[in-house]
Amino acid sequence: MTERQRVADRRVLRRRKQRVRRRGLQLVSAMAITAAAIQLAQPRDSVIRSATARDGDALARLIEEPMLALGGITRDGDCIAVVELSNPGIDPLVAEGREGLQGFLQLRWGLRSPSNEWMRGSAELRRHYVRTRHRGAGVAVRLLQQAVRVACARGASGIWLKIDK
């Protein structure tokens with residue numbers, strides 16, 4: 001190998017190392033930005049809890065939101081909220097943050113499950129909704145985790161979801 005070839009090989013290797021370093025820095029900075037964004041998006045200020053009578057108005061607005069988003073006719077959200085908050089067969093859970101309710105989930109008890117044998121004593125996941133601006137921040141997952149804890153505490157054999165076609 002001649003001296004000229006060695007110098008050329010060194011230049012190629014040096015350029016490759018520089019590209020790898022630049023990519024590595026880009027990757028590290030991208031990871032840092034992503035980690036910071038995830039940290040900012042975490043619903044640290046939200047609390048998952050059972051809905052109470054004082055949540056009636058906010059829950060009514062939250063119940064109407066998905067209906068309006070789909071272009072549907074709103075049902076009387078106030079009536080729905082009042083009836084469901086007073087029904088002992090429904091466990092409404094809400095995610096509440098600084099600016100109000102972020103989402104809600106409902107477990108319904110005492111309904112006939114799709115499979116009579118192995119789903120006896122189960123709960124139906126009736127409604128599950130998270131406001132658009134809070135999606136991707138883990139609110140839905142935290143609501144589901146709390147629903148599982150509530151179902152286990154009440155001795156449920158499972159949670160089922162009915163989907164209408």
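In this predicted model, R154 is partly exposed, with a relative accessible area of 42%. Its partner is a good place to start: the side chains of R154 and D91 meet in a salt bridge, with an N to O distance of 2.9 Å. D91 belongs to strand β2, whereas R154 sits in the loop between α4 (139–153) and β5 (159–160), so the pair ties together parts that are 63 residues apart in sequence. The two partners differ in their surroundings: D91 has a relative accessible area of 18% and is therefore buried, while R154, at 42%, counts as partly exposed.

A wider view helps to place this pair. The chain holds 4 helices and 5 strands, and these elements follow one another in the pattern α-β-α-α-β-β-β-α-β along the sequence. Of the 165 residues in the chain, 32% are buried. The area that the chain exposes comes to about 11,400 Å², and 56% of it is supplied by carbon and sulfur atoms. Among contacts in the chain with a separation of 6 or more, 59% are made by residues 24 or more positions apart.

The search for salt bridges covered the whole structure and found 3 of them. Side chains of opposite charge can pair when their charged atoms come close. Besides the D91 and R154 pair, R49 takes part in a salt bridge with D55, at 2.8 Å from N to O, and in another with E96, where the closest N and O atoms are 2.9 Å apart. The pairing of E96 with R49 brings strand β2 (residues 90–97) together with strand β1 (residues 47–50), so it ties together parts that are 47 residues apart in sequence. Because they share partners, R49, D55 and E96 are joined by their salt bridges into one network.

Accessibility varies within this network. R49 and D55 are both buried; for R49 the relative accessible area is 16%, which lies under the 20% cut-off for a buried residue. E96, with a relative accessible area of 25%, is partly exposed.

R54 offers another view of the same neighbourhood, since it touches both R49 and E96 when residues up to four places away in sequence are not counted. This residue is found in the loop between β1 and α2 (56–69). With a relative accessible area of 63%, R54 is exposed, in contrast to R49, which is buried at 16%. The C-alpha atoms of R54 and L85 are 9.8 Å apart in space, and the two residues are 31 residues apart in sequence.

A further arginine, R142, lies in helix α4. The relative accessible area of R142 is 26%, so this residue counts as partly exposed. Between the C-alpha atoms of R142 and V47 there is a separation of 9.2 Å, although their positions lie 95 residues apart in terms of distance along the chain.

Charge also gathers at the surface. R10, R11, R14 and R15 form a positive patch there. One of these residues, R11, is found in helix α1, which covers residues 3–41. The relative accessibility of R11 is 44%, and R11 is therefore classed as partly exposed.

Technical notes:
Residues are numbered from 1 along each chain as its sequence is written. This is a predicted model: local features need pLDDT of at least 70, side-chain atom pairs count only at pLDDT 80 or more; totals for chains, interfaces and linings use all residues. Side-chain values use heavy atoms; hydrogens and water are left out. Patches are made of residues with over 30% relative accessible area and no salt bridge: like charges are joined within 9 Å, nonpolar side chains (Val, Leu, Ile, Met, Phe, Trp, Tyr) within 5 Å. Accessible areas come from the Shrake-Rupley method with a 1.4 Å probe; for residues, only the protein chains shown count as cover. A salt bridge is a side-chain nitrogen of Lys or Arg within 4 Å of a carboxyl oxygen of Asp or Glu. Lys and Arg count as positive and Asp and Glu as negative; His and the chain ends are not counted. The place of a charge is taken as NZ of Lys, CZ of Arg, CG of Asp or CD of Glu. Helices (H or I, at least four residues) and strands (E, at least two) are DSSP runs, numbered from the N terminus. Buried means under 20% relative accessible area, exposed over 50%, partly exposed in between (1.4 Å probe, protein chains only). Contact means heavy atoms within 4.5 Å.
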